[in-house]
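Work through the exercises below with the coordinates loaded. Try each task before reading its solution.

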Amino acid sequence: MEFYEVIKTRRSIRSYSPEPIPEDKLRRVLEAARIAPSGANRQPWKFIVVRDEDLKKKVAEACNHQTFISEAPVVIVACGRDIGYNRGGYMGSLSMVVDVTIAMTHLILAARAEGLGTCWIGAFNNDELKKVLDIPPEYNVVAITPLGYPKGEAFTSSMSRKSLEEIVCYEKFA
Ligand SMILES: Cc1cc2nc3c(=O)[nH]c(=O)nc-3n(C[C@H](O)[C@H](O)[C@H](O)COP(=O)(O)O)c2cc1C
């Protein structure tokens, strides 16, 4: 699939078919996350692939009970290791959030190229997820996505975004 077609047609998918994801597709999607760039090439991430029905339900519960998450055959929980510093200054230990977010974006766009749906989930209880998935203390959850074939029509809904004029300025902030 052509790159601009991928980014223009990605949508948050909130309804999933139970159809399993072929292993080769899943592998390519994970590979897209693996090759993402990160500060000093630290790669401070871990992607938990959750397929167990009971665990998926517990993950969905820890995401403000967003039950559609567990409809998908796979749920990906992206975690980052706290590296405690950042040469760019104010971000400090949050810098791993930048790294993991880039990798998760690779994953989400690769999923679209494979005809799979995703939905970035930012509403979750980190402590609860750490208990449910045995995540060690030095890691925290950065993002989650269900991954699977959309149920019904998908990738076509209208997209509401600010205009370029509103979000871009030149030379200095204006
Ligand atoms: C950081 C972040 C957190 C989000 N959290 C949730 C969430 O918890 N639940 C949900 O259904 N959608 C969530 N979304 C999806 C957004 O609502 C969605 O991306 C936005 O409305 C634009 O729609 P689109 O993804 O279909 O283009 C999140 C998206 C981002 C980037």
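The exercises cover the sheet, one strand residue, the core, the ligand shell and backbone angles.

This is a predicted model: local features need pLDDT of at least 70, side-chain atom pairs count only at pLDDT 80 or more, and totals for chains, interfaces and linings use all residues. Numbering starts from 1 along each chain as its sequence is written.

**Exercise 1.** Work out the strand order of the open sheet.

Solution. Strands are DSSP runs of E, at least two residues, and helices are runs of H or I, at least four, numbered from the N terminus. Two strands pair if DSSP finds at least two bridges between them. The 4 strands then follow the order β1-β2-β4-β3, with antiparallel pairing. The edges are β1 and β3 (117-118), each pairing on one side only. Between β1 and β2 (residues 74-81) there are 6 bridges.

**Exercise 2.** Place V49 and classify its exposure.

Solution. Start with the strand: V49 sits in β1 (residues 45-50). Its bridge partner in β2 is I76. Next, list contacts (C-beta atoms, placed from the backbone, within 7 Å). Leaving out residues up to four places away in sequence, V49 touches V74 and I76. Finally, count neighbours. A residue is buried with 20 or more other C-beta atoms within 10 Å of its own, exposed with 12 or fewer, and partly exposed in between. V49 has 13 inside 10 Å, so V49 is partly exposed.

**Exercise 3.** Find which element gives the most to the largest nonpolar core.

Solution. Such a core is a set of buried Ala, Val, Leu, Ile, Met, Phe, Trp, Tyr and Cys residues joined through C-beta atoms within 7 Å. The largest has 38 residues; A78 is one of those touching the most other members. Helix α4 gives the most, with 8 residues. A78 has V100, A103 and M104 among its contacts.

**Exercise 4.** Break down the ligand shell by class.

Solution. Take residues whose C-beta atom, placed from the backbone, lies within 6 Å of the ligand. They include R11, R14, W120 and M159. Ala, Val, Leu, Ile, Met, Phe, Trp, Tyr, Cys and Pro count as nonpolar, Asp, Glu, Lys and Arg as charged, and the others, Gly among them, as polar. The tally is 5 nonpolar, 3 polar and 2 charged.

**Exercise 5.** Where does N64 lie, and what is its phi?

Solution. N64 is in the loop between α3 and β2. Its phi is positive, near 55 degrees. Most residues other than glycine have a negative phi. N64 counts as exposed because it has 12 C-beta neighbours inside 10 Å.

Note on methods: Contact = placed C-beta atoms within 7 Å.
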